[in-house]
Every structure is written in structure tokens, then in C-alpha cells.
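Work through the following exercises with the sequence and the model open. Each task is followed by a solution in steps.

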Amino acid sequence: MMERPVMEVEVGGVWLSHPVILASGVLNETAASMMRAVEGGAAAVVTKSISLAEREGHPNPTFVELRTGYLNSMGVPNPGIEHYTKEIERFREEMPQVPVILSLYGESVEEFEELGRAARTLPVEAVEVNLSCPNVEEGGIAFGKDPDGVYSAVRAVRRGFPRGVWAKLTAHCPDIVEAAKAAERGGADALVAINTLKGIAIDPYLAMPVLASGTGGYSGEGIKPLALEKVWELASSGEVEAPIVGSGGITTGLDAVEFLMAGAAAVEVGSAVRRRGVGVFSQIREEIEAFLVEEGYGSAGEIVGLALERYPHEEVGE
Ligand code: SIN
């Protein structure tokens with residue numbers, strides 16, 4: 001009888017029992033909701049993006065379902081790091097073995113530095129620097145769109161935070177490899193690619209945008225090929241050393257396998273919770289495992305970057 005494949009992976013200093021993580025922005029308002037994601041099979045949780053001070057977020061409507069995914073413009077609502085601390089502590093008490101990655105949202109280098117210092121005292125394994133929210137003027141993409149912004153935000157967090165620093169990159173930049181290299185120079189231990197993509201939906205009968213803020217971040221199955229290509233770009237560049245976490249439209253185990261084969265060491269799953277329910281994390285893990293067994297692979301790690309090895313970059317798309 002064939003042995004079960006090894007599913008454990010290590011990403012930027014964080015050990016995961018398997019490669020499927022809860023993404024920021026879904027099911028992470030409270031300790032209780034994050035615990036539900038773990039009960040649904042998530043190997044680790046990324047929190048919602050947390051700022052220094054409380055943020056109200058955007059007025060409704062902030063969310064719309066589309067044929068091929070979702071559009072949201074929440075505006076990073078959160079209670080501020082001091083108040084959110086109790087949710088992290090509560091989660092940690094109940095689930096001490098499950099890694100927590102705290103997503104940080106800042107609007108200035110000083111804010112990022114202070115957030116990094118504040119996170120240092122919290123029971124989290126890593127932080128994820130949000131360089132990619134498309135729904136705000138000052139933070140998110142404002143940092144992620146160019147290498148200098150990426151470097152300064154990551155460097156600021158790194159100064160205060162001694163454990164894993166993950167940089168969540170945006171596809172809305174001229175060259176994601178340059179952004180990734182800047183994140184590495186700033187001290188990132190892992191790269192997350194990508195966040196939602198800026199989009200818009202218009203109500204033809206009202207002749208106005210559906211979302212109160214006009215544009216929003218597009219997520220779900222529709223963005224999977226684009227997110228996958230960004231992971232591929234990073235992994236095939238030969239210029240990036242940090243492990244990559246793929247994110248964007250991952251809904252099934254085979255989607256996750258594609259990301260691993262493109263070079264991701266793990267994947268973040270968010271929108272698929274709406275498609276398949278909170279058990280989606282277990283379902284994806286089981287589907288990855290079934291694929292590995294079927295194809296005779298011994299571990300999830302074994303397929304990381306396999307498609308790159310089979311099709312060397314120079315021969316692809318040239
Ligand atoms: C939001 O709060 O608007 C979304 C957060 C993000 O995309 O990073």
C-alpha cells in the first residue's frame with residue numbers, strides 16, 4: 001500500500017501542516033471566525049488587515065457577486081491593533097498549534113514601523129505587509145506600485161519585528177519581480193502574490209457604479225490565471241529567493257496544484273469559502289493529497305516549481 005504523501009511545508013519561518021492557508025479579508029474579523037476556518041481545515045490563518053488606529057471602512061454597498069468572482073471595497077475596516085490583540089490572544093489560547101500571520105496595513109513608513117514594533121509583542125508567527133489593497137488612496141497599492149515603496153514599508157516593519165515578514169505584492173505594478181526584489185532587500189522572508197485586482201461593476205439601470213466607492217478589488221476564479229502567471233513570473237525569474245505564497249482564485253485542489261507547480265510553496269484561499277463553504281480548506285487539502293497519490297508523488301514539496309523545471313523559462317513565451 002502506498003504511503004500517504006507528506007503535506008507539511010515551511011514558508012518564511014512558518015511550519016504548516018499542509019499548504020492551504022486562510023487568506024486575509026475572509027472569516028478573520030474575530031477569534032471565533034478564524035477558529036471556524038481552522039475547523040474547516042486551514043493550516044494557518046492570516047488575519048484581516050490591521051492598522052494602528054481604528055478604521056471605519058467604506059460605506060455600503062461594499063461587496064457584489066459577479067459571474068466569475070466578487071468585487072469588494074471594504075476600505076480596510078478594523079478595530080486597530082490594540083483592540084484586535086484580544087482576538088489574536090483568544091485564538092492563540094484555543095488553538096496554540098496553529099500559526100497566525102498578522103496582516104498589517106499602514107499609510108506611512110512611520111505607521112508600518114510602529115505596527116511592526118506592536119506586532120513584536122503579540123503571539124503571532126509572522127506578519128504580512130499589505131502592499132496591495134486596491135481600495136484605498138494612501139496605503140496598499142500606494143506602496144506596492146513601485147519598488148521604493150515596497151522596500152520602505154517592508155524595511156520599516158522588519159526594523160520592529162524579529163520573526164517572519166511576508167510581503168503581499170500587487171499585480172498593479174510595472175514589474176512584480178522588481179517589487180519582489182525590493183521586498184527581499186527590505187528583509188521579507190516570503191512573498192505573497194497577489195491581492196485582488198482593481199475592477200468596477202456598473203448597474204445599467206441606475207447608470208452608476210454598484211459599489212459606493214466606485215471601484216473595488218476583484219477576486220475569485222476569474223483572476224486565477226493572472227495570479228498564477230505572477231507566481232510563475234516570480235519563480236521563473238531566477239532573481240527571487242524567498243518562498244512564494246500563491247493567492248488568487250484558488251478554489252480546488254487542482255488549482256492549488258497548479259500554483260505549487262508554478263513555484264508557490266503554499267496557497268492562500270479566501271473567496272472560495274463563498275463557493276464551497278468553510279470546509280473548503282479540508283477539501284482542497286484532500287484534493288491535493290489525492291492528486292499526489294494518483295500521480296505517485298511523495299510530498300507536496302516535491303511538486304513545487306515542477307512545471308518550471310519541465311519548461312525552462314527561456315523557452316516559454318519567447
Ligand atoms: C479592503 O478592506 O478594502 C480590502 C483589503 C485588501 O484588499 O487588502
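Buried means under 20% relative accessible area, exposed means over 50%, and partly exposed is in between. The model used here is predicted.

**Exercise 1. A salt bridge between two loops**

Task: Find which side chain meets Arg55 in a salt bridge, and state whether that partner is buried, partly exposed or exposed.

Solution.
Step 1. The side chain of Arg55 meets that of Glu107, with an N to O distance of 2.9 Å.
Step 2. A salt bridge requires a side-chain nitrogen of Lys or Arg within 4 Å of a carboxyl oxygen of Asp or Glu, and the distance of 2.9 Å belongs to such a bridge.
Step 3. Arg55 sits in the loop between strand S4 (45-46) and strand S5 (63-66), while Glu107 sits in the loop between strand S7 (100-104) and helix H3 (109-120). The two are 52 residues apart, so the pair links distant parts of the chain.
Step 4. The relative accessible area of Glu107 is 28%, so Glu107 is partly exposed.

**Exercise 2. Two further pairs and a network**

Task: Locate the salt bridge partners of Glu268 and Glu239, and say how Glu268 and Glu239 rank as buried, partly exposed or exposed.

Solution.
Step 1. Glu268 meets Lys168 in a salt bridge of 3.9 Å, N to O.
Step 2. Glu268 lies in strand S16 (residues 264-269) and Lys168 in strand S9 (residues 164-169), 100 residues apart.
Step 3. Both Glu268 and Lys168 are buried.
Step 4. Glu239 pairs with Lys181, where the closest N and O atoms are 2.6 Å apart.
Step 5. Here Glu239 belongs to the loop between helix H7 (224-236) and strand S15 (244-247), and Lys181 to helix H6 (residues 176-186); the separation is 58 residues.
Step 6. With a relative accessible area of 42%, Glu239 is partly exposed.
Step 7. A network of salt bridges links Arg4, Arg285, Glu286 and Glu289. The whole structure holds 20 salt bridges.

**Exercise 3. The two pockets**

Task: Describe the lining of the largest pocket and of the second largest pocket.

Solution.
Step 1. The largest pocket has a volume of about 800 Å³.
Step 2. It is lined by 41 residues, and those closest to its centre are Ser24, Gly25, Val26, Asn72 and Thr196.
Step 3. At least two lining residues come from each of strand S6 (69-72), strand S8 (126-130), S16 and helix H9 (272-276). H9 gives the largest share, three residues.
Step 4. By type, the lining of the largest pocket has 16 nonpolar, 19 polar and six charged residues.
Step 5. The second largest pocket holds about 180 Å³ of space.
Step 6. Residues lining the second largest pocket include His58, Ser73, Cys133, Glu137, Lys198 and Thr215.
Step 7. The lining of the second largest pocket divides into four nonpolar, five polar and two charged residues.

**Exercise 4. An open sheet**

Task: Give the strand order of the open sheet of four strands, and name its edge strands.

Solution.
Step 1. The order is S5-S6-S14-S11, and the pairing is antiparallel.
Step 2. S5 and strand S11 (197-200) each pair on one side only, which makes them the edge strands.
Step 3. From one strand to the next the twist averages 35°.
Step 4. S5 and S6 are joined by four bridges and run antiparallel.
Step 5. Phe63 has Asn72 in S6 as its bridge partner. Asn72 is also among the residues closest to the centre of the largest pocket.

Definitions and conventions: Residues are numbered from 1 along each chain as its sequence is written. This is a predicted model: local features need pLDDT of at least 70, side-chain atom pairs count only at pLDDT 80 or more; totals for chains, interfaces and linings use all residues. Side-chain values use heavy atoms; hydrogens and water are left out. Buried means under 20% relative accessible area, exposed over 50%, partly exposed in between (1.4 Å probe, protein chains only). On a 1 Å grid over the protein atoms alone, a cavity is a set of points where a 1.4 Å probe fits but cannot get out, and a pocket is an open set with protein on both sides within 12 Å along at least five of seven lines; lining residues have an atom within 4 Å of a point. Grid points are joined across faces, edges and corners, and a volume is the space filled by probe spheres set on the points. Ala, Val, Leu, Ile, Met, Phe, Trp, Tyr, Cys and Pro count as nonpolar, Asp, Glu, Lys and Arg as charged, and the others, Gly among them, as polar. Two strands pair if DSSP finds at least two bridges between them. Axes are lines fitted to C-alpha atoms, for helices over the stretch in contact, and angles run from 0 to 180 degrees between N-to-C directions.
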